[in-house]
Amino acid sequence: MWKLNKSIAKDLLPTQPVDFPIEPWWGVCLVNFTLEEFKKLSEEETATIDKICKEEANSYVLFDMKIIDDLYKRGLVYFDVPVYTDDRFKVSRLEGFVSNKDQSYEDPIEE
């Protein structure tokens, strides 16, 4: 769908970051931001970004959580959730989903 019509997918994405509980062991990562965005950072935010760049371990709990939350809400950081080989996931059923794999015509999007 993304390749065929980016505007459809883009319209479905949230315009503001979503609030959700952040686990202390999640990693904090930087997005690529502009020089103008960098100039707007406070001294504490700049120090935090320097620390993110220099530290090998970037667990959320290692930083001032309020600063990280503010950077996240402005779209300047994202969270990396580590997944290990012994982790397990439960995928919920898609309520109301109708599969079209038994169709009589070729659907290029289905591929």
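Reader: How many of the 111 residues of the protein count as buried, in percent?

Author: Of the 111 residues, 20% count as buried. Keep in mind that this is a predicted model. The chain has 4 helices and 2 strands, and from the N terminus on they run α-β-α-α-α-β.

Reader: What makes Arg 74 and Glu 45 a salt bridge?

Author: The closest N and O atoms of Arg 74 and Glu 45 are 2.6 Å apart. The rule asks for a side-chain nitrogen of Lys or Arg within 4 Å of a carboxyl oxygen of Asp or Glu, so the pair qualifies.

Reader: Which parts does that pair tie together?

Author: Arg 74 lies in the loop between helix 4 (65-73) and strand 2 (77-80), and Glu 45 sits in helix 3 (residues 43-54), so the bridge links parts that are 29 residues apart in sequence.

Reader: And why is Glu 45 called buried, while Arg 74 is called partly exposed?

Author: Glu 45 has a relative accessible area of 8%. Buried means under 20%, so Glu 45 gets that label. Arg 74 comes in at 41%. Exposed would need over 50%, so Arg 74 falls in between and is partly exposed.

Reader: How do you know that Lys 66 and Asp 70 form a salt bridge?

Author: Same kind of check: their closest N and O atoms are 3.1 Å apart, and the limit is within 4 Å, so the pair passes. By this rule the count comes to 2 salt bridges.

Reader: What separates Lys 66 and Asp 70 along helix 4?

Author: About one helical turn, the two being 4 residues apart in helix 4. As for their surroundings, Lys 66 has a relative accessible area of 56%, and over 50% means exposed, so that is its label. Asp 70, at 28%, counts as partly exposed.

Reader: Why does Asn 58 count as buried?

Author: Its relative accessibility is 17%, and the cut-off is under 20%, so Asn 58 counts as buried. Asn 58 is found in the loop between helix 3 and helix 4.

Reader: What does the side chain of Asn 58 reach?

Author: The backbone oxygen of Ile 52, at 3.2 Å. A polar contact needs N or O atoms within 3.5 Å, so the distance fits. Leaving out residues up to four places away in sequence, Asn 58 touches Trp 26, Gly 27, Val 28, Lys 51, Ile 52 and Phe 63.

Reader: Which residues have the most contacts inside the largest nonpolar core?

Author: Val 28, Ile 52, Tyr 60, Ile 68, Leu 71, Val 77 and Phe 79, in a core of 15 residues. Helix 3, helix 4 and strand 2 are the elements giving two or more residues to this core, and helix 4 has the largest share with 4 residues. Val 28 touches, among others, Asn 58, Ile 52, Tyr 60 and Phe 79, again not counting residues up to four places away in sequence.

Reader: What makes the nonpolar surface patch of about 250 Å²?

Author: Val 61, Leu 62 and Met 65 make it. Take Leu 62, in the loop between helix 3 and helix 4: its relative accessibility is 45%, and patch members need over 30%, so Leu 62 meets that part of the rule.

Reader: And what share of the exposed area do carbon and sulfur atoms supply?

Author: They supply 54% of the roughly stated total, about 9,600 Å².

Methods:
Residues numbered from 1 in each chain as written. Predicted model: local features only at pLDDT ≥ 70, side-chain atom pairs only at ≥ 80, totals over all residues. Heavy atoms only, no water. Buried < 20%, exposed > 50% of the residue type's maximum accessible area, 1.4 Å probe, protein only. Patch = residues over 30% accessible without salt bridge, like charges linked within 9 Å, V, L, I, M, F, W, Y side chains within 5 Å. Areas by Shrake-Rupley, 256 points an atom, 1.4 Å probe, with all protein chains shown as cover. Polar contact = N/O pair within 3.5 Å; in protein donor to acceptor, adjacent residues only side chain to side chain. Contact = heavy atoms within 4.5 Å. Core = buried A, V, L, I, M, F, W, Y, C linked by side-chain atoms within 4.5 Å.
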